[in-house]
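Trainee: Please pick one part of this model and take me through it closely. I would like to see how each statement is reached, and then how the part compares with what lies elsewhere.

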Amino acid sequence: MNKQLDEEQVRKLQEKLKSMSPEEVQELIKKQCLFCNIIDGNISSNKIFEDDKCLAVLDINPATKGHTLLFPKTHFQFSNQVPEELVGHLFVVANKISEKLFEILKVDGTSIYLGNGQIAGQNVPHVMIHIIPRFEKDNVSIGWKGIKIADSEMIKLREELSAACKNIIRKKEITEKPKVIKKVKYDERMIP
Ligand SMILES: [Zn+2]
């Protein structure tokens, strides 16, 4: 589907984009976006939840049965562009859908996953949260082998990142007790 443009076509496209207002550019992006087309009803989907802010559909290439994609109704490419209130709402909805997967599909676990950029598995440039039902021996791999980082580099990283992260959020008391939805078996090595 991805047709390569030649240099002349790219130049013409860039010229055109320059002459467009930000609203017109946004409209053009929306027209090209698979999820925006699903939101507008131009492409059919297996919708499982919708409100005024977001839509959840069953993935047509699911990792496992019940694999759900949740996305905002406004087009954003990366998660840091999404207003904080909407980020919160999306995670609340993802959490509730995950809970329903436990209840209805009797899953053994869920992976809630968000990728920013193609390298992170984001195959449509519209923010989406994957809610993937997990079962014993489901052959889904969202894993990595731990790499070794030298102590000195770890200290440097910690200093750099902790300084950068110092004021990113205001402190909030968490008062609600976590709800247990199902007893899930963990690898013994993970239990402290
Ligand atoms: Zn979109």
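**A ring pair and its surroundings**

Mentor: Phe35 has a relative accessible area of 3%, so it is buried, since the word applies under 20%. Keep in mind that the model is predicted. Phe71 is buried too, with a relative accessible area of 0%.

These two residues belong together. The structure holds one aromatic pair. Its members are Phe35 and Phe71, whose ring centres lie 4.2 Å apart and whose planes meet at 15°. A pair of aromatic rings is described by the distance of the centres and the angle of the planes. Two rings pair when their centres lie within 6.5 Å, and planes under 30 degrees apart count as stacked. With 15° between its planes, the pair of Phe35 and Phe71 is therefore stacked.

Next, look at where the two rings come from. Phe35 sits in helix H3, residues 34–39, while Phe71 sits in strand S3, residues 68–72. The two residues are 36 apart in sequence, so the pair ties a helix to a strand.

Helix H3 leads on to the zinc ion. Cys33 is in the loop between helix H2 (22–32) and H3, and the SG atom of Cys33 is one of the protein donors of the zinc ion. The other donors are Cys36 through SG, and His75 and His126, each through ND1. These atoms lie 2.0 to 2.3 Å from the ion. Along the chain the donors follow the spacing C-x2-C-x38-H-x50-H. Cys33 and His126 are 93 residues apart, and together they link distant parts of the chain. His126 is in the loop between strand S4 (109–113) and strand S5 (129–134). Cys33 and His126 are both buried.

The geometry of the site can be checked as the rings were. The four donor atoms make angles of 104 to 115°, and the site is tetrahedral. Ideal angles for four tetrahedral donors are 109.5 degrees.

Now for contrast, the charged side chains. The structure holds six salt bridges. One of them joins Glu8 and Arg11, with the closest N and O atoms 3.1 Å apart. Both residues are in helix H1 (residues 7–19), and they are three residues apart, which means about one helical turn between them. Glu8 is partly exposed at 40% relative accessibility, and Arg11 is partly exposed at 43%. Lys100 and Glu103 form another salt bridge, with the closest N and O atoms at 3.2 Å. These two are also three residues apart, in helix H4 (residues 84–105), and about one helical turn separates them. Lys100 counts as partly exposed at 45%, as does Glu103 at 41%. Lys47 and Glu50 are bridged as well, at 2.9 Å between the closest N and O atoms, and Lys73 is linked with them in a network of salt bridges. Lys47 is partly exposed at 48% and Glu50 at 36%.

Nonpolar side chains can also be found outside. Ile147, Ile149, Met154, Leu157 and Leu161 form a nonpolar patch on the surface, with about 470 Å² of accessible area together. Leu161, in helix H5 (residues 151–165), is partly exposed at 49%. Set beside that, Phe35 is buried at 3% and Phe71 is buried at 0%.

Terms used: Residues are numbered from 1 along each chain as its sequence is written. This is a predicted model: local features need pLDDT of at least 70, side-chain atom pairs count only at pLDDT 80 or more; totals for chains, interfaces and linings use all residues. Side-chain values use heavy atoms; hydrogens and water are left out. Patches are made of residues with over 30% relative accessible area and no salt bridge: like charges are joined within 9 Å, nonpolar side chains (Val, Leu, Ile, Met, Phe, Trp, Tyr) within 5 Å. Accessible areas come from the Shrake-Rupley method with a 1.4 Å probe; for residues, only the protein chains shown count as cover. A salt bridge is a side-chain nitrogen of Lys or Arg within 4 Å of a carboxyl oxygen of Asp or Glu. Helices (H or I, at least four residues) and strands (E, at least two) are DSSP runs, numbered from the N terminus. Buried means under 20% relative accessible area, exposed over 50%, partly exposed in between (1.4 Å probe, protein chains only). Rings of Phe, Tyr and Trp (its six-membered ring) pair if their centres lie within 6.5 Å; planes under 30 degrees apart count as stacked, over 60 as edge-to-face and the rest as tilted. Donors are N, O and S atoms within 2.8 Å of the metal (3.2 Å for Na, K and Ca); water is not among the atoms, so sites may look incomplete. Four donors count as tetrahedral if all angles lie between 85 and 135 degrees; four count as square planar and six as octahedral if opposite donors are over 155 degrees apart and all others between 65 and 115; anything else is irregular.
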